Amino acid sequence: IIDVDDLPLKFKQERTDEESAVEVRKITPLRQAVEQVEKELIREALNCSGSTYEAAKLLQVSQPTVFRKAKKYFGYVDK
């Protein structure tokens with residue numbers, strides 16, 4: 001019988017909902033990983049809200065930040 005104590009540490013660590021929101025599949029340079037997550041979050045916030053103002057509220061950042069990053073990642077120009 002295999003018990004929890006027999007498993008490697010990575011299988012024994014409990015995760016919170018916040019920790020499990022991002023899945024790591026391979027080692028990636030941190031800067032690249034942060035940009036990818038940021039891009040996905042901005043895309044999702046814009047899809048849910050329809051405006052950079054509402055997306056900024058969802059992401060808890062300023063509207064100019066969302067606008068600038070959306071333009072960087074998607075060429076987004078709507079305010």
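1. Let's start with Val37, which is partly exposed in this predicted model, its relative accessible area being 33%. This valine belongs to helix 2. Val37 also has partners at the surface: together with Val22, Val24 and Leu41 it makes a nonpolar patch of about 340 Å².

2. Helix 2 comes up again when you turn to helix 3, which covers residues 52–59. Which residues of helix 3 are buried? They are Thr52, Ala55 and Ala56. Looking down the axis of helix 3, you will find these buried residues within an arc of 105°, so they line one face of the helix.

3. What does that buried set pack against? The buried residues of helix 3 have two neighbours here, helix 2 (30–49) and helix 4 (63–74). Turn to the other side of helix 3 and you meet Lys57 and Leu58, both of them exposed.

4. Do have a look at Gln60 as well, just after helix 3. This glutamine sits in the loop between helix 3 and helix 4. Its phi is positive, about 60°, although Gln60 is not a glycine. For background, most residues other than glycine have a negative phi.

5. Is Gln60 buried or exposed? Its relative accessibility is 73%, and the cut-off for exposed is over 50%, so Gln60 counts as exposed. When you view the loop between helix 3 and helix 4, then, Gln60 is a residue to pick out for both its positive phi and its exposed position.

Technical notes: Residues numbered from 1 in each chain as written. Predicted model: local features only at pLDDT ≥ 70, side-chain atom pairs only at ≥ 80, totals over all residues. Heavy atoms only, no water. Buried < 20%, exposed > 50% of the residue type's maximum accessible area, 1.4 Å probe, protein only. Helix = DSSP H or I, 4+ residues; strand = E, 2+ residues; numbered from the N terminus. Arc of directions from axis to C-beta. Contact = heavy atoms within 4.5 Å. Patch = residues over 30% accessible without salt bridge, like charges linked within 9 Å, V, L, I, M, F, W, Y side chains within 5 Å. Areas by Shrake-Rupley, 256 points an atom, 1.4 Å probe, with all protein chains shown as cover. Salt bridge = Lys/Arg side-chain N within 4 Å of Asp/Glu carboxyl O.
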